[in-house]
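Hi! Here is the structure I said I'd pass on to you. Have a look at it first, and then read my notes below.

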Amino acid sequence: MRKINEIIVHCTATPAGREVTVQDIDRWHRTRGFRCIGYHYLVRLDGSVEDGRDIRLSGAHCYGHNLHSIGVAYVGGIDADGQPADTRTPRQRHALRQLLADLKGIYPAAHIRSHRDFANKACPCFDATTEYADL
């Protein structure tokens, strides 16, 4: 198994309320030249969690950090005006926190970070590093 030292939180940068699946993102990422979806997990609007890229494989979600990280994305991140916004549903908030807590249980040395900590982006449209500092 890979050594995991970061769990990096992302959004799909899609409009609030628009459902997106792992299959959708897989198709988008393949169009961009990836071999498959770059995220390891996706939290959908209803709070369900879908597996993405095999956890044993390096992700394709955060340049320079993929080898030793897990990529977790939630569906949303864009408001009705097309601007970055925290669009998480209550179910997504709960499911994302639970998923991250579960991953920290498996990888206790991993730090939970926002994608925006490493890239000039709004992603994930809230400060995941601060919000999940207690995990």
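**Helix α2 and what it packs against**

Let's begin with a quick check on helix α2, which covers residues 90–106. At 1.5 Å a residue, its 17 residues should span 24 Å, and the C-alpha atoms at its ends are 25 Å apart, so the two values agree. Keep in mind that this is a predicted model.

Which residues of α2 are buried? They are Gln92, Ala95, Leu96, Leu99, Leu100, Leu103 and Lys104. These buried residues pack against five strands: β1, β3 (41–43), β4 (49–51), β5 (69–74) and β7 (111–114).

**An aromatic cluster**

Searching the whole structure for aromatic pairs turns up two. One is between Tyr74 and Phe126, and this pair is tilted, with 5.9 Å from centre to centre and 55° between the planes. The pair links distant parts of the chain: Tyr74 sits in strand β5 and Phe126 in the loop between β7 and α3 (128–131), 52 residues apart. Tyr74 has a relative accessibility of 1%, so it counts as buried. Phe126, at 6%, counts as buried too.

Phe126 also pairs with Tyr132: the ring centres are 6.1 Å apart and the planes are at 85°, and because an angle over 60 degrees counts as edge-to-face, that is what this pair is. Tyr132 is buried, as is Phe126. Put together, Tyr74, Phe126 and Tyr132 make one aromatic cluster.

Phe126 comes up again when you look at Ser114, which is in strand β7. Ser114 has a relative accessible area of 0%, so it is buried. If you leave aside neighbours within four places in sequence, Ser114 is in contact with Ile8, Val9, Pro124, Phe126, Asp127, Ala128 and Thr129.

**Some unusual backbone spots**

A bit of background for this part: most residues other than glycine have a negative phi, and most peptide bonds are trans. Now look at Cys123 and Pro124, which are joined by a cis peptide bond with omega of about 15°. Pro124 is in the loop between β7 and α3.

Cys125 is found in that loop between β7 and α3 as well. Cys125 is not a glycine, yet it has a positive phi of about 70°. With a relative accessible area of 12%, Cys125 is buried.

Ala13 is another non-glycine residue with a positive phi, about 55° here. You'll find Ala13 in the loop between β1 and β2 (14–15). Is Ala13 buried or partly exposed? Its relative accessibility is 48%, so Ala13 counts as partly exposed.

Ile78, in strand β6, has a link to both of these spots. Its C-alpha atom is separated from that of Cys125 by 8.1 Å, although the two residues are 47 apart along the chain. Not counting residues up to four places away in sequence, Ile78 touches Ala13, Thr14, Pro15, Ala16, Gln83, Pro84, Ala85 and Thr87. At 16% relative accessibility, Ile78 counts as buried.

**The largest pocket**

Last, the largest pocket, which has a volume of about 490 Å³. It is lined by 25 residues, and the closest to its centre are Arg32, Tyr39, His61, His115 and Lys121. β1 (6–11), α1 (22–31) and β6 (77–78) each supply at least two residues of the lining. The largest share, three residues, comes from α1. How do the lining residues divide by type? There are 16 nonpolar, seven polar and two charged.

Terms used. Residues numbered from 1 in each chain as written. Predicted model: local features only at pLDDT ≥ 70, side-chain atom pairs only at ≥ 80, totals over all residues. Heavy atoms only, no water. 1 Å grid on protein atoms, 1.4 Å probe; cavity = no way out; pocket = protein on both sides within 12 Å on 5 of 7 lines; lining within 4 Å. Points joined across faces, edges and corners; volume = space filled by probe spheres on them. Helix = DSSP H or I, 4+ residues; strand = E, 2+ residues; numbered from the N terminus. Nonpolar A, V, L, I, M, F, W, Y, C, P; charged D, E, K, R; others polar. Expected span 1.5 Å × (residues − 1). Buried < 20%, exposed > 50% of the residue type's maximum accessible area, 1.4 Å probe, protein only. Contact = heavy atoms within 4.5 Å. Phe/Tyr/Trp six-rings, centres within 6.5 Å; stacked < 30°, edge-to-face > 60°.
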